[in-house]
Amino acid sequence: MPMFFGQSGISTGSYQLPLIGLIDANSDGEIKGEHDAYDIFVNEEFVGKKLLLTQSENVDDVVHFLKQQGVQQVFGQLDGDHYVIHSEESERVKQILDTYLQNR
């Protein structure tokens, strides 16, 4: 029996089957964001993944945290799911991020 895709499901002739489970939703019923994890790089060197666990979290929080730790000359650049942090204090930044990424 041929199957046809309708507006709200799959039709198998006289029966229409709903399309269920095609949207990944969290426990609150909200649609999951396009990105929920970012690869973090310091001056082009991979240091870990940043998982965004809540809607209020943002990948730019990483640079904000570094500034709170006293790193002055630092900025981040988002490229798809890669977040590249630029700093002249790369070794110090990598040490801070190692702990930060493990704890969050």
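Is Lys-94 buried or exposed? Lys-94 is buried, with a relative accessible area of 15%. Keep this residue in mind as you go through the close-up views below, which come from a predicted model.

**View 1. The largest nonpolar core brings together 18 residues.** Those with the most contacts inside the core include Ile-40, Val-62, Leu-66 and Tyr-83. Ile-85, Val-93 and Leu-97 belong to that group too. Two strands and two helices each give two or more residues to this core: strand E4 (37-42), helix H1 (61-68), strand E7 (82-87) and helix H2 (90-103). Helix H2 gives the most, with 5 residues. As background, nonpolar side chains tend to be buried together in soluble globular proteins.

**View 2. Ile-40 and the residues it touches.** Leaving aside residues up to four places away in sequence, you can find Ile-40 touching Glu-45, Phe-46, Val-47, Gly-48, Lys-49 and Lys-50. Further along the chain, the contacts of Ile-40 include Val-59, Val-62, Tyr-83, Ile-85, Leu-97 and Leu-101. Val-62, Tyr-83, Ile-85 and Leu-97 may look familiar, as they are among the core residues with the most contacts.

**View 3. Asp-39 pairs with Lys-49 in a salt bridge.** Side chains of opposite charge can pair when their charged atoms come close. Here the closest N and O atoms are 2.6 Å apart. Asp-39 sits in strand E4 and Lys-49 in strand E5 (residues 45-51), so this pair ties together parts that are 10 residues apart in sequence. Asp-39 counts as buried because its relative accessibility is 14%, under the 20% cut-off. Lys-49, at 47% relative accessibility, counts as partly exposed.

**View 4. Glu-45 forms a salt bridge with Lys-94.** The closest N and O atoms of Glu-45 and Lys-94 are 2.9 Å apart. This pair links distant parts of the chain, with Glu-45 in strand E5 and Lys-94 in helix H2, 49 residues apart. Glu-45 counts as partly exposed, at 41% relative accessibility, while Lys-94, the residue from our opening question, is buried.

**View 5. Lys-94 also forms a salt bridge with Glu-91.** The closest N and O atoms in this pair are 2.9 Å apart. Both residues lie in helix H2, 3 residues apart, which is about one turn of the helix. Salt bridges that share partners join Glu-45, Glu-91 and Lys-94 into one network. In total, the count for the model comes to 5 salt bridges.

Methods: Residues numbered from 1 in each chain as written. Predicted model: local features only at pLDDT ≥ 70, side-chain atom pairs only at ≥ 80, totals over all residues. Heavy atoms only, no water. Core = buried A, V, L, I, M, F, W, Y, C linked by side-chain atoms within 4.5 Å. Buried < 20%, exposed > 50% of the residue type's maximum accessible area, 1.4 Å probe, protein only. Helix = DSSP H or I, 4+ residues; strand = E, 2+ residues; numbered from the N terminus. Contact = heavy atoms within 4.5 Å. Salt bridge = Lys/Arg side-chain N within 4 Å of Asp/Glu carboxyl O.
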